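Trainee: Got a minute to go through this one with me? I'd like to see how the inside is put together.

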Amino acid sequence: MESIQLVNSAVIDSDRAAVIQIGGKEYALLLTTRATKEIAKRYGGLQNLGDKLFEGKENFDEGLDEIIWLIALLANQSVLIHNFQFPDDQQELLDAETLELMTSPYDLLGFKDAIMSCMSKGTARHVETEDTGANPPKPTTAARSRGSSSTPARSSATRAKSTT
């Protein structure tokens, strides 16, 4: 697995992150369990995030507020990891005001791909298999007798009745 070394020295697994720049500083957008819980509180779960991000937003600034909240949440995961990894070098969390000041609406739209990549990476399942060199056993199925069907067997009384 490849790692990303951010400007703030946090070491993040690149299979989990999408990197963006805000005000010349790199942030890894990460979907952690903590971020997932916050999204669930706000939107009812990850499955509702896309639908509710702009749903019912009366004006453009409400939609921007939601995007800014999400970017700050995902970007701050890498800051929190840095602060955990380097307790003697604490970094400030990114707040909405700083994010609004250091970005343009165009930047926020550009972060959409990074958000989607981060979400995809955060929910991906990696299954590793071990090659043992031997052929794995084949799955077995219940053997059917010749002429059997998937319908339940009828009793001899029912069969006799249907032939008359």
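Mentor: Sure, and let's fix a word up front: contact means heavy atoms within 4.5 Å. This is a predicted model, where local features need pLDDT of at least 70, side-chain atom pairs count only at pLDDT 80 or more, and totals for chains, interfaces and linings use all residues. Residues are numbered from 1 along each chain as its sequence is written, and side-chain values use heavy atoms, with hydrogens and water left out.

Trainee: Which element gives the largest share of the largest nonpolar core?

Mentor: A nonpolar core is a set of buried Ala, Val, Leu, Ile, Met, Phe, Trp, Tyr and Cys residues joined through side-chain atoms within 4.5 Å; buried means under 20% relative accessible area, exposed over 50%, partly exposed in between (1.4 Å probe, protein chains only). This core has 28 residues, and I71 is among those touching the most other members. β3, β4, α1, α3 and α5 each give two or more residues (helices are DSSP runs of H or I, at least four residues, and strands of E, at least two, numbered from the N terminus). The largest share, 10 residues, is from α3.

Trainee: What does I71 contact, leaving aside neighbours within four places in sequence?

Mentor: With those neighbours set aside, the partners are I20, I22, L29, L99, L108, F111 and I115.

Trainee: Is Q77 buried or exposed?

Mentor: Q77 lies in helix α3. Beyond four places in sequence, Q77 contacts L30, T32, R34 and A35. Its relative accessible area is 5%, so Q77 is buried.

Trainee: And E97, buried or exposed?

Mentor: E97 sits in helix α4. Its relative accessibility is 55%, so E97 counts as exposed.
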